[in-house]
Amino acid sequence: MDVSLPAIALSILLPSALAIYAILVFLYPDTAAFSRRNRNVPTASGGESLLGHTRYGGKVRPRTYDRKLDIAREFGDIVRLTFVNPTVPWRPVEQFYAFNVEDVEFILRNPDIFEKGEEGRAVIGQLLGEGIFAADGHQWLVARKTASNIFKASLFRTHFSADFAHQADVLCSVLRTAALRGSVVDLQDVLLRCTIDSFARLALGTDVGALSKEPAFTNGVHRIQDAARGEEYERMTFPDIPFASAFDTANAIVNKRSSDPFWKWTEYFSGEDQKMLSALRLMDDFAQTLITKKRSEVQASGGKKGPGLEGDGPLSLLDYFLRYENDDGSELTDRQMRDVVINFLIAGRDTTAQTLSWCFWELCHHPEAFARLREEAFRVLGSRNAQCGYDHTKEMTWTTAVFYETLRLHPNVPTANKIPAADARLPGTNTRIYKGDIIQLSSYVMGRLKKVWGEDAEVWRPERWLTPANTLVRESPYKWPVFNAGPRVCLGQAMATQEACVFLSTVARKFDVELWGEDEPRKWGVWHPQEEKREGRYSVGLTLGMRGGLDVKIRERA
Ligand code: HEM
């Protein structure tokens, strides 16, 4: 009988391939092929055979943090997810969600073992470069030491206080216009503009002009014919800030990468790689303009770094970094300075503004807490127009409790990945971790676990932060890692708390705030006609913003 070679090959190869496939499916029913098989850690539900959780991130994205919470409730302190590795398919990526306080403490106390890692930098490096957020080891230490200079206590009292008070005044002027016109205003947008203006002045010595008291600026009011709502209303709008829009675009793209191991290809085929490049170009140009200006100031003063500033007032972050030299004695390059600018603008802008937005959202849902905050502001500050200084904010324990409680339920950095640089054992769950695994911590999940916070864990209750003597409760930062903890604890924690107290106490004394349009589907990851069944009021990004913003109506108080 004459049997051709391809037919023989087919008759042998096809069954063999099918047999191998069947064995692999049997061995890896819910994990990526070739995952380690005896890790003594439960595997999260939602995994597919041979693919593991590779397609899972995209599916649960609109309620991603709540899905992590479901997983924590179902599987406990530690759970594993596996992903196909696009570059080395026979070595899948294994990720562990770690929710045990003791494990979290061990991880955060040892940033030299639990690094940001090369994999992390591959995802965020295009945006953050070699700046403090992405750096490890010596590079991180240097960035941290230099940056620490602007967070000295003496600056909080004087320089920061004056700037926040000025910015709160600009904020009130804009809110007053909105109140007079009866316009809807996106408070999150306004707060983002406040924090970028303030932080750019304090840290970079420049004015971005994102918000202004000028009448022409606040005249941006548009009548909106809203077919869906069947009504017409006025919305207050503001000029675009190209840097901020570019950052938002880059942030959104970078964040999608964390749930897509094939992001390079996805971006290539969707054209998002080009969108990313043009956003980066715009941000780089913004940073370069600042750097060139600062360098020419230095030159004009005969090479003295921080011209006219030393002795006359505090130095900006850029001045400090211009003074810094690399190990070989060379000055920081423009590229290094660019990374400083971008990293700190990101840290200073989104975090505080978004948390303040969540504070107002919670306060609107809890009028009695809002009234107590207003009462505290009048008691500490005396009058409606008195400026709120640093020492005042230290007396505002209820306002601080509101800020902390809001961060507990809406932590601005909801998850963080760490990559072990060496094998280790997590002490709380006795879990063996291998070099190259990914450990994900989640303040969002920990903040809502009954095991960590008690039966009322999901209830927003600022009282939990106050002692009977009305002082602030000092919680372990490992139970509440919203500002990170250990050697890499947030450098801006005190600054953000001070800024929040100034803005909250100033707005509360002058205005009533009412939520508007909360029932719009675009504001929810999962929308449902019944309010209690809606989920994902947040946007999914590097930081926890409010999806669709925070629309409010303002009424000025007498
Ligand atoms: C509500 C406000 C804020 C929250 C919730 C917050 C939270 C955090 C978190 C969780 C980290 C660790 C991030 C990571 O390693 O992945 C961090 C780091 C950092 N934050 Fe904040 N932050 C806030 C405001 C600020 C502000 C206003 C600044 C001012 C510049 C700032 C500066 C920094 C810096 C420089 C780091 C890096 C520290 C290091 O790696 O050594 N943060 N912050």
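Biologist: Which of the 23 residues around the ligand come nearest?

Modeller: In this predicted model, the residues that come nearest, of the 23 around the ligand, are T351, V413, N484, C490 and G492. Three elements give two or more residues to this shell, namely α6 (137–148), α14 (334–365) and α20, and the largest share, six residues, comes from α14.

Biologist: How many residues of that shell are nonpolar, polar and charged?

Modeller: The shell around the ligand divides into 14 nonpolar residues, seven polar ones and two charged ones.

Biologist: Let us turn to the record. Which residue does UniProt list for "binding site"?

Modeller: The unreviewed UniProt entry lists C490 under that heading, and C490 is also among the residues that come nearest the ligand in the model. C490 lies in the loop between α19 (450–453) and α20 (493–510), where, leaving aside residues up to four places away in sequence, C490 touches F483 and N484.

Biologist: Why does C490 count as partly exposed?

Modeller: The idea is to count the other C-beta atoms within 10 Å, with 20 or more making a residue buried and 12 or fewer making it exposed. C490 has 19 such atoms, and is therefore partly exposed.

Biologist: N484 has come up twice now; what is the phi of N484, and where is N484 found?

Modeller: The general idea comes first: most residues other than glycine have a negative phi. N484, found in the loop between α19 and α20, has a phi near 60°, which is a positive value in a residue other than glycine. With 18 C-beta neighbours inside 10 Å, N484 counts as partly exposed.

Biologist: What is the phi of F34, and in which loop is its place?

Modeller: F34 likewise has a positive value in a residue other than glycine, with phi near 70°, and the place of F34 is in the loop between α1 (5–27) and α2 (56–60). F34 is partly exposed, because 18 other C-beta atoms lie within 10 Å.

Biologist: Now for helix packing. At what angle do α8 and α14 pack, and how far apart are their axes?

Modeller: One reads such a pair from the angle, the axis distance and the hand of the crossing. α8 and α14 pack at an angle of about 145°, with their axes 8 Å apart, and α8 passes α14 in a right-handed crossing. Residues making the contact include L191, T195, I196 and F199 of α8, together with L345, G348, R349 and T352 of α14. By class, this contact has 15 nonpolar, six polar and two charged residues.

Biologist: Is I196 buried or exposed, and which residues does I196 touch?

Modeller: I196, which lies in helix α8 (residues 187–204), counts as buried, because 23 C-beta neighbours lie inside 10 Å. Not counting residues up to four places away in sequence, I196 touches V208, A210, A244, L345 and R349, and of these L345 and R349 belong to the α14 side of the helix contact. Separation can also be read in two ways: I196 and D30 are 166 residues apart in sequence and 45 Å apart in space, C-alpha to C-alpha.

Biologist: Where is M396 found, and is M396 buried or exposed?

Modeller: M396 is found in the loop between α16 (390–395) and α17 (397–409). M396 has 25 C-beta neighbours inside 10 Å, and so counts as buried. Leaving aside residues up to four places away in sequence, M396 touches E376, V380, C501 and S505. M396 and E105 are 291 residues apart in sequence, with 29 Å between them in space, C-alpha to C-alpha.

Conventions:
Residues are numbered from 1 along each chain as its sequence is written. This is a predicted model: local features need pLDDT of at least 70, side-chain atom pairs count only at pLDDT 80 or more; totals for chains, interfaces and linings use all residues. UniProt positions are given in the numbering used here, feature names are shortened, and annotations may be inferred rather than shown by experiment. Helices (H or I, at least four residues) and strands (E, at least two) are DSSP runs, numbered from the N terminus. Two residues are in contact if their C-beta atoms, placed from the backbone, lie within 7 Å. A residue is near a molecule or strand if its C-beta atom, placed from the backbone, lies within 6 Å of it. Ala, Val, Leu, Ile, Met, Phe, Trp, Tyr, Cys and Pro count as nonpolar, Asp, Glu, Lys and Arg as charged, and the others, Gly among them, as polar. Axes are lines fitted to C-alpha atoms, for helices over the stretch in contact, and angles run from 0 to 180 degrees between N-to-C directions. A crossing is left-handed if the near helix is turned anticlockwise from the far one by less than a right angle, and right-handed if clockwise.
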